[in-house]
Amino acid sequence: MIRKESRNAMRERRHLRVREKVHGTPLRPRLSVFRSNKHISCQLIDDTKGITLCSSGSVELKLANGGNVEAARKVGEDIARKALALKIECAVFDRGGYQYHGRVAALCEAAREAGLRL
């Protein structure tokens, strides 16, 4: 019997492939996204020092339903506002092994509309 790899294990492998190319710096940090069934969160990461500069999520914003596209838009707007307050104008987008579709795309587009260059 062949054991199939779980969806999350496959996503983690895709994320490692993306991470070989995407690297955050202090001037252009990495915007990393994590998506679960109930919530979505993201953080700006400086990979040279290995620190998180700021973060946002549907749990932090106390959204009633954090697992929908509207919640992802609000999280994207919030992370862009926090980044601009730290004088970070552009970042590299790390989709975290997820398909650029639905909630992940909505978060990215909302961050762009709020003034963050991705």
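Q: Hi! Let's start with serine 58: what does it touch, leaving out residues up to four places away in sequence?
A: Hello! In this predicted model, serine 58 touches His39, Ile40, Leu63, Gly66 and Val75, with residues up to four places away in sequence left out.

Q: And is serine 58 buried or exposed?
A: Serine 58 counts as buried, because its relative accessibility is 1%, and the cut-off for buried is under 20%.

Q: Where along the chain does serine 58 sit?
A: You'll find serine 58 in the loop between strand E3 (51-57) and H2. Helix H2 covers 69-85.

Q: Which loop is lysine 62 in?
A: Lysine 62 is also in the loop between E3 and H2. Its relative accessible area is 74%, so lysine 62 is exposed.

Q: What about the backbone at lysine 62, what's the phi there?
A: Lysine 62 has a positive phi of about 55 degrees, although this residue is not a glycine. Lysine 87 is another case: its phi is positive at about 65 degrees, and it is not a glycine either.

Q: Okay, where is lysine 87, and is it buried or exposed?
A: Lysine 87 lies in the loop between H2 and E4. With a relative accessible area of 75%, lysine 87 is exposed.

Q: Let me zoom out. How many helices and strands does the protein chain have?
A: The protein chain has three helices and four strands. Reading along the sequence, they come in the pattern α-β-β-β-α-β-α.

Q: How does the radius of gyration fit with a globular protein of that length?
A: The protein chain has a radius of gyration of 14 Å, and the globule rule gives 13 Å for 118 residues; the two are close, so the chain is as compact as a globular protein of that length. Its C-alpha trace spans about 55 × 35 × 20 Å along the principal axes.

Q: How much of the protein chain is buried?
A: Of the 118 residues, 40% are buried. On the outside, the protein chain exposes about 7,500 Å², and carbon and sulfur atoms supply 51% of that area.

Q: What share of the contacts comes from residues 24 or more positions apart?
A: Among contacts with a separation of 6 or more, 60% are between residues 24 or more positions apart.

Q: What's the charge count like?
A: There are 24 positive and 13 negative side chains in the protein chain. The centres of these two sets lie 5 Å apart.

Q: Speaking of charges, which residues does glutamate 5 touch, beyond four places away in sequence?
A: Glutamate 5 touches Met10 and Arg13. The side chains of glutamate 5 and arginine 13 also make a polar contact, at 2.8 Å.

Q: Where is glutamate 5 in the chain?
A: Glutamate 5 belongs to the segment before helix H1 (7-19). It counts as partly exposed, because its relative accessibility is 35%. As for distances, the C-alpha atoms of glutamate 5 and valine 92 are separated by 29 Å, and those residues are 87 apart along the chain.

Q: Changing topic: how many residues of helix H3 are buried?
A: In helix H3 (residues 103-113), eight of the eleven residues are buried, so the helix is largely enclosed by the rest of the structure. The buried ones are Arg103, Val104, Ala105, Ala106, Leu107, Cys108, Ala110 and Ala111.

Q: What do the buried residues of H3 pack against?
A: They pack against strand E1 (30-35), strand E2 (40-46), H2 and E4.

Q: And what happens just after H3?
A: Glycine 115 comes just after H3, with a positive phi of about 115 degrees. Arginine 117 is in the segment after H3 too, and at 54% relative accessibility it counts as exposed.

Q: Which residues does arginine 117 touch?
A: Leaving out residues up to four places away in sequence, arginine 117 touches Glu89, Cys90 and Ala91. The C-alpha atoms of arginine 117 and arginine 28 are separated by 9.6 Å, with their positions 89 residues apart along the chain.

Q: Glutamate 89 came up there. What else does it touch?
A: Glutamate 89 touches Leu84, Gly115 and Leu116 as well as Arg117, again not counting residues up to four places away in sequence. Its place is in the loop between helix H2 (69-85) and strand E4 (92-94).

Q: Last one: is glutamate 89 buried or exposed?
A: Glutamate 89 counts as exposed, because its relative accessibility is 52% and the cut-off for exposed is over 50%.

Note on methods: Residues numbered from 1 in each chain as written. Predicted model: local features only at pLDDT ≥ 70, side-chain atom pairs only at ≥ 80, totals over all residues. Heavy atoms only, no water. Helix = DSSP H or I, 4+ residues; strand = E, 2+ residues; numbered from the N terminus. Rg over C-alpha atoms; globule rule 2.2 N^0.38 Å. Buried < 20%, exposed > 50% of the residue type's maximum accessible area, 1.4 Å probe, protein only. Contact = heavy atoms within 4.5 Å. Areas by Shrake-Rupley, 256 points an atom, 1.4 Å probe, with all protein chains shown as cover. Lys, Arg positive; Asp, Glu negative; His and termini not counted. Charge placed at Lys NZ, Arg CZ, Asp CG, Glu CD. Polar contact = N/O pair within 3.5 Å; in protein donor to acceptor, adjacent residues only side chain to side chain.
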